[in-house]
Amino acid sequence: MKIPTTNSNEQIWKDVYSYTKLPEQLSMLNEIANNLWWVWNHQGAKLFGEIAPKLWKATEGNPVSTLQRLSNKRIKEILADGAMMSKIGYVYDLFQNYISAAKDRTRPSVAYFSMEYGLTNILKIYSGGLGILAGDYLKEASDCNVDLTAVGFLYRYGYFTQSLSMEGQQIANYEAQDFASLPLTQLLNGGGEPMLLEVPFHDRIVYAHIWKVSVGRIPLYLMDTDIPENSEWDRSITHQLYGGDWENRMKQEYMLGVGGILLLNKLGIKAQVYHCNEGHAALINAQRLVDYIRDDKLEFNEALEVVRASSLYTVHTPVPAGHDYFDEALFGKYMGHFPEKLGITWQEFIDMGRTNPGTNEKFCMSTFALNTCQEANGVSLIHGKVSRSMFAPLWKGYFPEELHVGYVTNGVHLPTWMATEWKRFCHERFDNTFFNDQSNKRLWEKIQQVPDAEIWEIRKALKKKLIEYIKTQYTENWLKNQGDPSKVVTILDRINPNALLFGFGRRFATYKRAHLLFTDLERLKQIVNNETYPVQFVFTGKAHPADGGGQGLIKHIVEISRRPEFLGKIIFLENYDMSLARRLISGVDVWINTPTRPLEASGTSGEKAEMNGVLNLSVLDGWWYEGYREGAGWALTDKRTYDNQQYQDQLDAATIYHLLEDEIIPLYYAKNTKGYSPEWVQYIKNSMSQIAPDYTMKRMMDDYFERFYHKLADRSALLTANKYAEARQLAAWKKEVAAHWSSFQVEALRLSSKSSQSLVGDDNLIEIVINRKDLKSMLGIDLVYAHENPDNHRIEFVSSEPFELKKEDGSLLFFELRRTTSEFGHYKVGIRVYPYNERLPHRMDFAYVRWIQG
């Protein structure tokens, strides 16, 4: 027998990491690095950049990774450098003074849930606007000393990194994050082992490690299921943001909602207000219901009163298709064990996620959120109106205009998005209280007295920084995907710091209409090739990997940018992230936004531009509908001219060309002998003094407390006091109404005028007598005015007037309404009866309605 010459099993490897350990004298650097305070406090980021410039650049501005890679030689140099040690001590004192401030106990505590958070480009747990907004919100909560705790996911791969093929096709690359080199802290148990969160699924336990991100004074807890205790099937729950199939999305939303509450329970954290940032987190209220029923022995309807009273749902999408819907079979697979815990039937439970209970509609997370949250809001004035129309079918007795769904217009975290040059300017020119009082227009108005030349120099400096950034960051990528090196040289040569520079940075969804500028290529060619008035356009953005239309738009723009007449004049920058965004929104001259009306819920990129003296050219939709001021930017009307979208696109494109040719370009190039246009600088001053103060995250944070948080905390306290006495009474009242709602009868209805016609100035009296019979509860009556829209024949709300209860005699209620005809025209009148209880927060909380014959 021949002896084999080789014998080896499979190779076995274990990852081993070695990092630099800082001496005690530099331990404060680790403390600063592991708190994201440095992200929006430039002294912190600048310090790390000075400690190791090459490492700082190589790690893309990651202080944890920078410190881990410091050589012993460099450490000794730092310790021997008295000036550097003094600077470290100075920054550490700033950090400590900030962190040690006490919480503002005059405001309610908040638990905040979101699928994504955009905090810094090195922590890839965000994809776009929703995440950036959530990240800004945590930063502002920190600055305002709010008692807020946030919950989300630590994604192994996060959202994708974008590159482009030679043909301009988007390539999505998912790159694993090294958690050990990120500003994170893993929570440990008493034995020093990773804390393990157990989340019961229908047939198994899913485990998660818990990581903490310190966002200034705010803790953000992130769940990580990519651990050995889980099967491969469950490890992938936190692999990708918005990745996988619908079942993976169901598992993610189960983990965020159910797991998120179990996480807070494990940490012993209770809040006064629970805020769902989008419907992804709606299932927090399913678990909260279970907790109240199990731990406090409440019945389901009593628990629902308590949960609703402390819950807020914020919607960010303007169309029904943008919400998450799950087939009953899939939803039942994961949530089928909940009805037994809640003491209700499966049909009752799944109907909480249906617009029309009792049908076979899919379960909608947003509908469930609306049914379990007392308050709800859109993210701009116009989006609030759109949301009321979108959600109106849930409360069929009421019109959209009557709904409780409010709005808070989005804002941006000024210290994050305002360039360092502008922050220095604000420190020097404005009041010392400016950064604590950012939404005070009186402070911003001082910019009107600043010399034009000073404003212009800041704008020139920021444009120069952007151009240098583009040349440094993108030359290598362009050499890879352009194919012809000479074209790359041409692009670099043609980037003109003196040209009027336009920016467009968005998620590439078709409704964002990035293609509008390219509707008439001949006209565009004339604009960008005018040597006297040079103009350039920079585009950037990612399309969802499943969005073929969005990816097609990117390819189309890249192809146009490579044509000889547009080379170097139309530029597409790949991999739009927070780092690129900060450069772009501060370095261009004009920010373009062209969404299809009314599909822009809010939009915040233009708000970021506002903070940097960049002017907006946008459709009057989202935030710009409220923000636009004449002489401070440019606007396309909010009105549609054509129902046909193609015609509307052509009209809007023509309007953009007209604004460019006849207003924007001439204004920019109306330069004086000092090399700038005084009229353009005046636009900048108007923009920053009249618009910017209204769109800070400080204003947005204040709005949430004034419009929702205080209200919810007060009512929650009322319902939970005295062992939930108020909640029990309210649930009993609703139960009584529901049981006898059909029993009351109209005994009499008298009109002073029998005619359907009346003259302006006529007085009319309506008297109604209702016999409640078995119904013990009080009733209210409205006279509702409406009209029929001639275009779509829909009945539209005009106004309503309440009847006055004149007398109560046993089960009989006597109502009366005196009205004077004040307007002429044809309108419809209806009489609506509803259960009245002054303890309800609003009518939609218990939307029983009966219309009666008038």
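Two strands are taken to pair if DSSP finds at least two bridges between them. On this basis, two open sheets and one helix contact are described here for a predicted model, followed by a single buried serine.

In one open sheet, 4 strands are arranged in the order E21-E22-E26-E25, and their pairing is antiparallel. Strand E21 (745-751) and strand E25 (804-809) form the edges, each pairing on one side only. On average, neighbouring strands of this sheet are turned by 15° against each other, direction ignored. The edge strand E25 is joined to strand E26 (residues 812-820) by 5 bridges, and the two strands run antiparallel. Within this part of the sheet, glutamate 808 stands opposite leucine 813 in E26.

Another open sheet of 4 strands has the order E24-E23-E27-E28, again with antiparallel pairing. Its edge strands are strand E24 (795-802) and strand E28 (850-852), and each of them pairs on one side only. The average turn between neighbouring strands of this sheet is 35°, direction ignored. Strand E23 (residues 779-788) pairs with strand E27 (residues 828-835) in the antiparallel sense, and 8 bridges link them. Across this pairing, isoleucine 781 stands opposite valine 833 in E27.

The helix contact involves helix H23 (residues 521-528) and helix H28 (residues 645-668), whose axes come within 11 Å and cross at roughly 20°. Angles under 35 degrees count as roughly parallel, and H23 and H28 are therefore roughly parallel to each other. The crossing of the two helices is left-handed. From H23, the residues that take part in the contact are Arg523, Leu524 and Ile527. These meet Ala654, Tyr657, His658, Leu660, Glu661 and Ile665 in H28. Sorted by class, the contact of H23 with H28 has 6 nonpolar, 1 polar and 2 charged residues.

Elsewhere in the chain, serine 65 lies in helix H5 (residues 63-68). Is this serine buried or exposed? Buried means under 20% relative accessible area, and serine 65, at 5% relative accessibility, therefore counts as buried. When its neighbours within four places in sequence are left aside, serine 65 is in contact with Thr59 and Ser181.

Definitions and conventions. Residues numbered from 1 in each chain as written. Predicted model: local features only at pLDDT ≥ 70, side-chain atom pairs only at ≥ 80, totals over all residues. Heavy atoms only, no water. Axes fitted to C-alpha atoms, helices over the stretch in contact; angles between N-to-C directions. Parallel < 35°, antiparallel > 145°, perpendicular 65-115°, else oblique. Left-handed = near helix turned anticlockwise from the far one by under 90°. Contact = heavy atoms within 4.5 Å. Nonpolar A, V, L, I, M, F, W, Y, C, P; charged D, E, K, R; others polar. Buried < 20%, exposed > 50% of the residue type's maximum accessible area, 1.4 Å probe, protein only.
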